[in-house]
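I opened this model to look up strand pairing, buried residues, ring pairs and charged contacts. My entries follow in the order in which I checked them.

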Amino acid sequence: MSGIELLQMIKNNEIEEGTEINVLRDNEECNCYDVVAKLKYVNDDLFWPSGTFRSFMLWDSDYSFEIIGGKIKERYQYSLIPPYCKDEELIGIVNRNFEQHQKAIDDLTDAVNYLLNK
């Protein structure tokens with residue numbers, strides 16, 4: 001996720017106390033990511049070892065963030081229909097088809113949270 005998405009999750013109180021977060025940088029040489037810093041979310045604040053993280057990383061597209069060691073607090077509701085769509089039949093068809101995908105996403109969330117508790 002991007003740094004802006006991370007901040008939005010913090011603002012929405014979606015990250016649990018004690019959650020660890022990896023700061024990743026795109027490494028084009030090996031087509032992978034390097035962990036450049038580890039953050040910890042404690043008492044509504046982010047902490048990191050000195051010299052490993054800088055605030056510009058939150059909005060720099062070369063960096064991404066990975067939540068580890070914490071659970072997702074809330075399930076997300078997704079919609080494929082733009083809010084301005086008024087076609088009731090189309091809305092019904094898309095929603096019925098998308099319910100299967102929503103269930104799969106919920107099952108995956110449950111599995112991740114189960115593994116994090118082990």
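**Strand pairing**

I began with Glu-20 and looked for its bridge partner in strand 2, which is Lys-40. I note here that the model is predicted. Strand 1 and strand 2 run antiparallel and are joined by eight bridges. Their hairpin has four residues between the strands, and in it Asn-31 takes a positive phi near 55°.

I then went on to the next pairing. Strand 2 and strand 3 also run antiparallel, with three bridges joining them. In this pairing I found Val-42 opposite Asp-45 of strand 3. The hairpin has two residues between the strands.

**Positive phi**

Which residue of the hairpin of strand 2 and strand 3 takes a positive phi? I found Asn-43, with a value near 50°. Asn-43 is not a glycine, and its place is the loop between strand 2 and strand 3. Its relative accessibility is 61%, so I list Asn-43 as exposed, the cut-off being over 50%.

I also noted Asn-13, another residue other than glycine with a positive phi, here near 60°. Asn-13 sits in the loop between helix 1 and strand 1. I list Asn-13 as partly exposed because its relative accessibility is 44%.

**Thr-19**

I stayed with the loop between helix 1 (3-11) and strand 1 (20-27), since Thr-19 is found there too. Is Thr-19 buried or exposed? The relative accessible area of Thr-19 is 0%, so it is buried. I looked for a polar partner of its side chain and found the backbone oxygen of Glu-16, 2.6 Å from a polar side-chain atom of Thr-19.

**Asn-22**

Next I looked up Asn-22, which is in strand 1. Asn-22 counts as buried because its relative accessibility is 7%, under the 20% cut-off. Which side chain makes a polar contact with the side chain of Asn-22? I found that of Lys-38, at 3.0 Å.

I listed the contacts of Asn-22, leaving out residues up to four places away in sequence: Val-35, Ala-37, Lys-38, Ser-64, Phe-65, Glu-66 and Ile-68. For Asn-22 and Phe-65 I noted a C-alpha to C-alpha distance of 5.7 Å, with their positions 43 residues apart in sequence.

**Nonpolar core**

In soluble globular proteins, nonpolar side chains tend to be buried together. I looked up the largest nonpolar core here, and it has 15 residues. Those touching the most other members are Leu-6, Val-23, Leu-39, Phe-53 and Phe-65. Helix 1, strand 1, strand 2 (32-42) and strand 4 (63-68) each supply at least two residues of this core.

I took Leu-6 for a contact list. Beyond its neighbours within four places in sequence, Leu-6 is in contact with Met-1, Ile-15, Ile-21, Leu-58 and Phe-65.

**Aromatic rings**

How many aromatic pairs does the structure hold? I counted three. For Trp-48 and Phe-53 I noted ring centres 4.7 Å apart and planes at 65°; an angle over 60 degrees counts as edge-to-face, so this pair is edge-to-face. Trp-48 is partly exposed because its relative accessibility is 37%, whereas Phe-53 is buried because its value is 7%.

Phe-56 and Tyr-63 have ring centres 5.8 Å apart and planes at 85°, so I list this pair as edge-to-face. Phe-56 has a relative accessible area of 29% and is partly exposed, while Tyr-63 has 11% and is buried. I also recorded one aromatic cluster, formed by Trp-48, Phe-53 and Phe-65.

**Salt bridge**

Side chains of opposite charge can pair when their charged atoms come close. I searched the whole structure and found one salt bridge. Which residue does Asp-62 pair with? The partner is Arg-25, and the closest N and O atoms are 3.8 Å apart.

The pair links distant parts of the chain, 37 residues apart. Asp-62 is in the loop between strand 3 (45-47) and strand 4, and Arg-25 is in strand 1. I list Asp-62 as partly exposed because its relative accessibility is 36%. Arg-25 is partly exposed too, with a relative accessibility of 36%.

Conventions: Residues are numbered from 1 along each chain as its sequence is written. This is a predicted model: local features need pLDDT of at least 70, side-chain atom pairs count only at pLDDT 80 or more; totals for chains, interfaces and linings use all residues. Side-chain values use heavy atoms; hydrogens and water are left out. Rings of Phe, Tyr and Trp (its six-membered ring) pair if their centres lie within 6.5 Å; planes under 30 degrees apart count as stacked, over 60 as edge-to-face and the rest as tilted. Buried means under 20% relative accessible area, exposed over 50%, partly exposed in between (1.4 Å probe, protein chains only). A polar contact is a pair of N or O atoms within 3.5 Å; within protein, one must be able to donate a hydrogen and the other to accept it, and residues adjacent in sequence count only if both atoms are side-chain atoms. A nonpolar core is a set of buried Ala, Val, Leu, Ile, Met, Phe, Trp, Tyr and Cys residues joined through side-chain atoms within 4.5 Å. Contact means heavy atoms within 4.5 Å. A salt bridge is a side-chain nitrogen of Lys or Arg within 4 Å of a carboxyl oxygen of Asp or Glu. Two strands pair if DSSP finds at least two bridges between them.
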